[in-house]
Every structure is written in C-alpha cells, then in structure tokens.
Amino acid sequence: MKDSSPTLFLSGSTSQVVNHDVNHPYFLHSSDAPGMTLVTSPFDGRGFPGWRRSILIVLSAKNKLGFINGVCDEPTLGSKDHAQWSRCNDMVTLWLLNSLTKEIGDNVIYSKSAREIWNSLEHKFG
C-alpha cells in the first residue's frame, strides 16, 4: 500500500524526512492559528445549544473533535506523541477560549485540557 501522506524534507546540517498525515488529529494546517475565531459571536452564557453546535461543526471540519470528546486522550508524559498532542490540545484550548466572553473564559482558563474546558461548559450550561 502506498503512503499518500505528504513528505517534508527539512534542510540543515543533516537531512531528515518527516511524514505528515493531513488526516491525523495531531496535524495542524499552516492556516491554524492560536488567535483564530471559530464562531461569529463569543458565547456569553445565552444560547448554549447553538454555540455548542457551531463549535462541534468547526472542530469536526478541522478533525479536532477528539480533543473535546475524549477520543484523543493525553498520551503518557514520556510518549513520543506527547509533544504533538500537547501542541494540538493547546491550540484547541485557545480556540475555545477565543470563542467565549472574557467573563466565561476567566472561569475555565486554568483547565488542564480542551476536554476539561468543554466538560466544564457542558456541566454549567448544557
């Protein structure tokens, strides 16, 4: 079976080949940015079902639902995947925080993961 994932050649003192599977949940596109806004209006405590649905659609399109529904659980600290998981979890966390008003965001900002933020919001507003 042929590997269809793009290959990136890194230049430097030693040449490395890195495979990037664009369908893997840990893949971040070059257009994915921490300050990106996922929804048109930040959640202010009203209309949770509609806001929730919008976030689910966007995260599904970005292949990041696993970070809030538990499919992409945190690998063990020594795992080779931990750094990539942490990077993606941080990105999803920032996207969620950017989709909340400051008041609501301040209540969940110290959560340890995007999933923890999601669960807190579901518990309080769902």
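So, what percentage of the 126 residues of the chain count as buried? The answer is 33%. Bear in mind that this is a predicted model.

Quick orientation. The chain has five helices and two strands, and reading from the N terminus the order is β-β-α-α-α-α-α. If you take the contacts with a separation of 6 or more, 57% of them come from residues 24 or more positions apart.

Okay, helix H1, residues 48–61. With 14 residues at 1.5 Å each, H1 should span 20 Å, and its end C-alpha atoms are indeed 20 Å apart, so the two agree. Which residues of H1 are buried? Those are Phe48, Trp51, Ile55, Leu56 and Leu59. Look down the axis of H1 and its buried residues fall within an arc of 135°, so they line one face of the helix. Flip to the other side of H1 and you find Pro49, Arg53 and Ala61 exposed. As for what sits over the buried residues of H1, the cover includes helix H2, residues 66–69, along with H3 and H5. One backbone detail for the torsion people: after H1 comes asparagine 63, with a positive phi, near 60°.

Now let's do the same for H5. This helix has 12 residues, which at 1.5 Å a residue should span 16 Å, and the end C-alpha atoms of H5 are 16 Å apart, so that agrees as well. Buried in H5 we have Ala114, Ile117, Trp118 and Leu121. Those residues cover an arc of only 100° around the axis, so they sit on the same side of H5. The cover over the buried residues of H5 includes H1, H2, H3 and helix H4, which is 102–108.

Last bit: helix packing. Two packed helices are described by the angle between their axes and the distance between the axes. So how do the axes of H3 and H5 cross? The axes of H3, residues 82–98, and H5, residues 114–125, come within 8 Å and cross at roughly 30°. Angles under 35 degrees count as roughly parallel, so H3 is roughly parallel to H5.

Who's touching whom? On the H3 side it's Asn89, Val92, Thr93, Leu96 and Leu97, and they meet Ala114, Ile117 and Trp118 in H5. Sort the residues of that contact by type and you get six nonpolar, two polar and no charged. Ala114, Ile117 and Trp118 should sound familiar, too: they were on the list of buried residues of H5.

Conventions:
Residues are numbered from 1 along each chain as its sequence is written. This is a predicted model: local features need pLDDT of at least 70, side-chain atom pairs count only at pLDDT 80 or more; totals for chains, interfaces and linings use all residues. Side-chain values use heavy atoms; hydrogens and water are left out. Axes are lines fitted to C-alpha atoms, for helices over the stretch in contact, and angles run from 0 to 180 degrees between N-to-C directions. Helices (H or I, at least four residues) and strands (E, at least two) are DSSP runs, numbered from the N terminus. Angles under 35 degrees count as roughly parallel, over 145 as roughly antiparallel, 65 to 115 as roughly perpendicular and the rest as oblique. Contact means heavy atoms within 4.5 Å. Ala, Val, Leu, Ile, Met, Phe, Trp, Tyr, Cys and Pro count as nonpolar, Asp, Glu, Lys and Arg as charged, and the others, Gly among them, as polar. The expected span of a helix is 1.5 Å times one less than its number of residues. Buried means under 20% relative accessible area, exposed over 50%, partly exposed in between (1.4 Å probe, protein chains only). The arc is that of the directions from the helix axis to the C-beta atoms.
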